[in-house]
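Please open the structure in your viewer and keep the sequence panel beside it. This tour goes from one selection to the next, with a short account of what is there at each stop.

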Amino acid sequence: TVKTGLQLCPQYNGKASCCSEEFEKEQARYFDYFRLMIFPSKLQRIADFHESVRDVMNTAGYSAAAPVMREQLQLALERFNPVLHPSVNGKCFASLLTYAAGMNCFACRPDWFAFVTQEDRR
């Protein structure tokens with residue numbers, strides 16, 4: 001069918017595709033799931049891991065560690081900072097969301113199956 005009211009994938013307005021306004025609602029739902037749940041949870045896991053590494057400083061092993069070992073732990077902790085800073089992870093998440101949006105729109109291509117199916121190679 002040909003639709004003219006597509007907002008998420010407007011490049012398919014006026015073209016035969018399997019997209020519809022109803023399908024776009026589903027696309028938006030899954031896009032938002034990635035944007036609001038999946039990607040932030042990955043960043044949270046990194047932050048949680050950072051805290052667990054920092055907790056090493058509260059152990060007897062750390063208290064007994066040589067200065068060079070303490071310095072190495074401090075350096076390891078500092079390496080988390082760029083990853084956890086929005087100026088770095090913001091660009092990464094924006095790129096991942098752009099990819100996810102593109103994949104959602106890819107589903108509107110009437111010939112999408114030609115790109116994802118493989119011949120039986122038995």
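What follows begins with the whole chain, then turns to the disulfides and ends with the salt bridges.

**The whole chain**

Before selecting anything, keep in mind that this is a predicted model. Show the chain as a cartoon and follow the elements from the N terminus on, where they run α-α-α-α-α-α, for there are 6 helices and 0 strands in the chain.

Now turn the model and consider its overall extent. Along the principal axes, the C-alpha atoms fill a box of roughly 70 × 40 × 20 Å. The radius of gyration of the chain is 23 Å, whereas a compact globule of 122 residues would have one near 14 Å.

If your viewer can draw a surface, switch it on at this point. The accessible surface of the chain comes to about 9,100 Å², and 61% of that area belongs to carbon and sulfur atoms. Of the 122 residues in the chain, 17% are buried. As for contacts between residues at least 6 apart in sequence, 46% of them join residues that are at least 24 apart.

**The disulfides**

How many disulfides does a search of the whole structure find? The search finds 2 disulfides, and each of them deserves its own stop.

Select Cys9 and Cys105 and show their side chains as sticks. Their sulfur atoms lie 2.0 Å apart in a disulfide, and with -95 degrees about the S-S bond this link is left-handed. Cys9 lies in the segment before helix 1, while Cys105 belongs to helix 5 (residues 86–106), so the pair ties together parts that are 96 residues apart in sequence. Are these two cysteines buried or exposed? Cys9 is buried, with a relative accessible area of 1%, and Cys105, at 10% relative accessibility, also counts as buried.

Next, select Cys19 and Cys108, which form a disulfide with their sulfur atoms 1.5 Å apart. Cys19 lies in the segment before helix 1 and Cys108 in the loop between helix 5 and helix 6 (113–116), so this pair ties together parts that are 89 residues apart in sequence. The torsion about the S-S bond of Cys19 and Cys108 is about -85 degrees, so this disulfide is left-handed. Here Cys19 is buried, with a relative accessible area of 1%, and Cys108 counts as buried at 0% relative accessibility.

With both links on screen, consider their order along the chain: when the bonded cysteines are numbered in sequence order, the pairing is 1-3, 2-4. Before moving on, select Cys92 as well, which counts as partly exposed at 42% relative accessibility.

**The salt bridges along helix 1**

Hide the cysteines and bring helix 1 (residues 21–54) into view. The count for the structure comes to 3 salt bridges, and the remaining stops visit them in turn.

Begin with Arg29 and Glu26, which form a salt bridge whose closest N and O atoms are 3.0 Å apart. Both residues lie in helix 1, 3 residues apart, which is about one turn of the helix. Because partly exposed covers the range between the buried limit of 20% and the exposed limit of 50%, Arg29 is partly exposed with a relative accessible area of 49%, and Glu26 is partly exposed with 35%.

Move on to Asp32 and Arg35, whose side chains meet in a salt bridge at 3.1 Å, N to O. These residues are 3 residues apart in helix 1, so about one helical turn separates Asp32 from Arg35. Asp32 counts as partly exposed at 30% relative accessibility, and Arg35 counts as partly exposed at 38%.

Where do Arg54 and Glu51 lie? Select them for the final stop: both lie in helix 1, 3 residues apart, about one turn of the helix. Their side chains meet in a salt bridge at 3.7 Å, N to O. Arg54 counts as partly exposed at 34% relative accessibility, and Glu51 is partly exposed with a relative accessible area of 39%.

Terms used
Residues numbered from 1 in each chain as written. Predicted model: local features only at pLDDT ≥ 70, side-chain atom pairs only at ≥ 80, totals over all residues. Heavy atoms only, no water. Salt bridge = Lys/Arg side-chain N within 4 Å of Asp/Glu carboxyl O. Helix = DSSP H or I, 4+ residues; strand = E, 2+ residues; numbered from the N terminus. Buried < 20%, exposed > 50% of the residue type's maximum accessible area, 1.4 Å probe, protein only. Disulfide = S-S within 2.5 Å. Rg over C-alpha atoms; globule rule 2.2 N^0.38 Å. Contact = heavy atoms within 4.5 Å. Areas by Shrake-Rupley, 256 points an atom, 1.4 Å probe, with all protein chains shown as cover.
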